[in-house]
Each structure stands twice: as structure tokens, then as C-alpha cells.
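Below are some notes on the two-chain model you sent, set out as numbered points. They begin with the second chain and then move to the contact and the first chain.

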Amino acid sequence: MKDSLLIVMCFAIGLLMSFYQFIPEFLIETDYSSYVLYILMFIVGIGVGSDTESLKVLKRVNFKILLIPLTVVVGSLAATALFSTLLSDISMKEAMAVGAGFGYYSLSSILINEMHSETLGTIALLANVIREIITLLFAPLMVMAFGKLAPVAAGGATAMDTTLPIIIKVSGNEYGLMAVFSGVVLTVLVPFLVTFILSF
Amino acid sequence: MLTVILIMTAGMIIGYLFRSKKKLIKISNKSVIWVIFILLFFMGLSVGGNNEIMTNLDTIGFRGLELSLAAVFGSVLLSWGVYMLFFKQKESLKNER
């Protein structure tokens with residue numbers, strides 16, 4: 001949660017600095033963000049590839065546990081696609097790209113910002129930060145209404161770290177491993193799915 | 001777009017090959033958050049200079065909230081079905097034993 005706040009603050013500081021035209025000269029002249037994005041993707045890859053703990057979790061996979069990230073993918077994409085038919089300013093593809101962030105707001109918003117538009121990137125940032133907050137706040141209610149898998153599904157990619165404590169608290173320890181598994185799979189899927197959806 | 005995926009895949013392979021170099025991996029993992037800070041700062045810079053976004057910030061915020069609610073609702077609703085079909089059963093079986 002602390003990191004989430006800091007990330008949103010970095011965005012807000014940048015936004016205010018540029019809105020009040022208080023930007024260092026060298027940042028206006030060249031756009032460094034795509035190079036920094038490449039660095040990010042590389043070190044995110046290193047983190048995923050070297051994570052033998054997650055690999056061990058993946059090896060214990062059975063058919064049922066695979067259903068959890070699949071549920072999140074289908075649920076998020078279908079619902080955002082369906083909802084986009086009510087909107088005139090956002091296309092189905094754009095809504096699905098936002099939905100494919102699964103709560104991984106930093107990476108999804110950066111990718112959408114680079115590949116599509118700043119407007120949609122900003123929407124993705126807000127939508128996916130809100131997803132994490134909704135999960136943290138309403139996890140107990142979700143369990144009561146929709147069963148123990150609900151907070152894992154709501155948390156999406158964040159189920160492996162930021163929303164894991166609340167999931168274990170409301171769904172029980174046995175759902176902790178499932179939450180980590182689902183979160184890891186979704187985290188790896190985010191860049192692939194966002195890129196894929198935006199390529200149409 | 002493909003570049004991003006290729007670079008990440010390269011990172012995954014290198015990460016796997018160097019997985020025993022714990023110190024290096026730790027530095028790499030810790031630097032992720034800083035790179036994200038920088039990128040979100042850059043994103044803020046470009047958004048703040050974009051008048052179209054700044055004048056429509058309320059609509060954009062509302063769209064973010066709507067899409068978030070849609071995605072969460074879709075996932076949770078589907079997870080309810082999956083839970084009832086595949087997970088709850090397992091628990092009651094455990095109790096019967």
C-alpha cells in the first residue's frame with residue numbers, strides 16, 4: 001500500500017510540474033520514457049525468470065488452481081467489453097486493455113500510455129489503482145456474498161503481494177497459495193495481454 | 001509493441017540463467033520500484049501537458065472507476081460460479097471424512 005501511494009504521488013508530482021510548466025529543459029527535448037520502459041521490462045523479466053519459489057508453486061499446479069487466473073481473465077475482459085457497449089467515448093478494445101491490467105496499474109498504464117494514448121493510460125492507472133483499493137476495502141463483503149474465491153479474483157495480479165494479507169485473513173490460509181499462484185500468472189500475463197489487445 | 005515482449009522474454013531467460021546470483025537478482029528486483037517511480041513521473045509530465053486530459057480529468061476519473069467496477073464485478077461473479085462448482089465441494093468432502 002505504501003508503494004502504491006508513492007507511485008500515484010510520482011504521477012501527481014509530474015502532472016502538477018508539467019501543468020504549471022515547471023519542467024527541466026532536458027526532459028522536454030527528448031522523450032526518454034520508451035527507453036526507461038525497455039529497462040523496466042527487462043528487469044521485470046529478470047525478476048520473473050529468477051523466481052524459483054514461484055516456479056515451485058507453478059509445478060504444484062492442478063487443473064483446479066489454473067481455473068482461478070482464467071476466471072479473472074475471462075471475468076475482467078468480458079465485463080469490461082460488455083460495459084464498453086454502453087460508452088460512446090471508449091471502444092471495446094480500449095476498455096478490454098484497461099481491464100487486462102488486473103490491478104497491475106504501474107505496468108499496464110505505462111504500456112497503454114506508450115502504445116495507445118495518454119488518455120487511456122491515465123484511465124488504466126486510475127482503474128487499476130481503484131481495483132486494488134476496492135479489493136482491500138470490500139474483501140470481507142465479497143467472501144460473504146460470493147464465496148472464498150471472490151477476493152482472490154477481485155485482487156487479480158495484486159493477489160500475490162498487496163492484497164494477499166487481506167485475502168488470507170478473510171478466505172483462510174488455504175487460499176493464500178492459490179492467491180499467490182493466480183497473482184503470479186496474471187502478473188506475467190499483463191504485458192502480453194495488453195499488447196495483444198491493443199494490436200487489433 | 002513486440003519489442004517490449006521480446007525484451008521481457010530476454011530478461012526472463014537471463015533471470016533464470018542467473019537465478020543463483022542472489023545478490024544481483026535482489027538489486028534487480030529492488031530497482032523495479034524505482035524505475036516505476038521514474039516512469040510514472042514521466043507519465044505525469046506528459047499528462048499534465050496534455051490539455052485535452054487536464055480539462056476532462058473528471059470524466060477520465062469516472063471512466064476509470066466504472067471500468068474498475070466492471071472488471072471487479074465480472075471477475076467476482078464468475079469466481080462465484082467456479083467456487084460453487086469446483087472449490088466448495090472439496091471443502092465439504094474434507095469435512096465428511
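1. Of the 97 residues in chain B, 38% are buried. The model is a predicted one, and the values in these points should be read as computed from it. Chain B has four helices and zero strands, and its elements run α-α-α-α from the N terminus on.

2. Helix H1 of chain B covers residues 2-17. Its 16 residues should span 22 Å at 1.5 Å a residue, and because the end C-alpha atoms are 23 Å apart, the length agrees with that expectation. The buried residues of H1(B) are Val4(B), Ile7(B), Met8(B), Gly11(B), Met12(B) and Gly15(B). They cover an arc of only 145° around the axis, so they sit on the same side of H1(B). The face turned away from this buried side carries Leu2(B), Thr3(B) and Leu17(B), which are exposed.

3. What do the buried residues of H1(B) pack against? Their partners are H3, H7 and H11 of chain A, together with H2 of chain B.

4. Helix H2 of chain B, residues 22-48, has 27 residues. The expected span at 1.5 Å a residue is 39 Å and the end C-alpha atoms are 40 Å apart, which agrees. There is nevertheless a bend of about 25° at Val32(B). Buried positions in H2(B) include Ile25(B) and Ser28(B) ahead of that residue, and Ile36(B), Leu39(B), Leu40(B), Phe41(B) and Phe42(B) after it. Met43(B), Gly44(B), Leu45(B), Val47(B) and Gly48(B) are also buried.

5. Ile36(B), in helix H2 of chain B, is worth a separate look. Is Ile36(B) buried or exposed? It counts as buried because 21 other C-beta atoms lie within 10 Å, where the cut-off is 20 or more. Leaving out residues up to four places away in sequence, Ile36(B) touches Ile7(A), Leu40(A) and Ser106(A).

6. On the contact between the chains: 77 residues from chain A and 65 residues from chain B take part. In chain A, the helices that each supply at least two residues to the side touching chain B are H1 (2-19), H3 (33-50), H5 (63-84), H6 (92-99), H7 (105-115), H8 (118-146), H9 (150-155) and H11 (174-198). H3(A) gives the most, with 16 residues. By type, the residues on this side of chain A divide into 49 nonpolar, 23 polar and five charged.

7. The largest nonpolar core has 91 residues. Which residues have the most contacts inside it? They are Ala100(A), Ala150(A), Val152(A) and Val190(A). Not counting residues up to four places away in sequence, Ala100(A) touches Ser76(A), Leu77(A), Ser108(A), Val190(A), Leu193(A), Val194(A) and Ile197(A).

8. Phe102(A) may merit a backbone check. Its phi is near 50°, a positive value in a residue other than glycine. Phe102(A) is found in the loop between H6 and H7 of chain A. With 31 other C-beta atoms within 10 Å, Phe102(A) is buried.

9. Helix H8 of chain A falls short of a straight helix. H8(A) has 29 residues, and a straight helix would reach 42 Å at 1.5 Å a residue, but the end C-alpha atoms are only 35 Å apart. A kink of about 70° lies at Phe138(A), shortly before the proline Pro140(A). H8(A) is mostly covered, with 21 of its 29 residues buried. Gly147(A) follows H8(A) and has a positive phi, near 90°.

10. Glu114(A) lies in helix H7 of chain A. It counts as partly exposed because it has 19 C-beta neighbours inside 10 Å, against a threshold of 20 or more for a buried residue. Glu114(A) and Ser34(A) are 80 residues apart in sequence and 7.1 Å apart in space, C-alpha to C-alpha. Apart from neighbours within four places in sequence, Glu114(A) is in contact with Ser33(A), Ser34(A) and Leu37(A).

11. Val184(A), in helix H11 of chain A, is buried, with 22 other C-beta atoms within 10 Å. Val184(A) and Met17(A) are 167 residues apart in sequence and, C-alpha to C-alpha, 35 Å apart in space.

Terms used
Residues numbered from 1 in each chain as written. Chains lettered and ligands numbered in written order. Predicted model: local features only at pLDDT ≥ 70, side-chain atom pairs only at ≥ 80, totals over all residues. Expected span 1.5 Å × (residues − 1). Bend = angle between axes of the 7 residues up to and from the residue. Buried ≥ 20, exposed ≤ 12 C-beta atoms within 10 Å, placed from the backbone. Contact = placed C-beta atoms within 7 Å. Nonpolar A, V, L, I, M, F, W, Y, C, P; charged D, E, K, R; others polar. Core = buried A, V, L, I, M, F, W, Y, C linked by C-beta atoms within 7 Å. Arc of directions from axis to C-beta.
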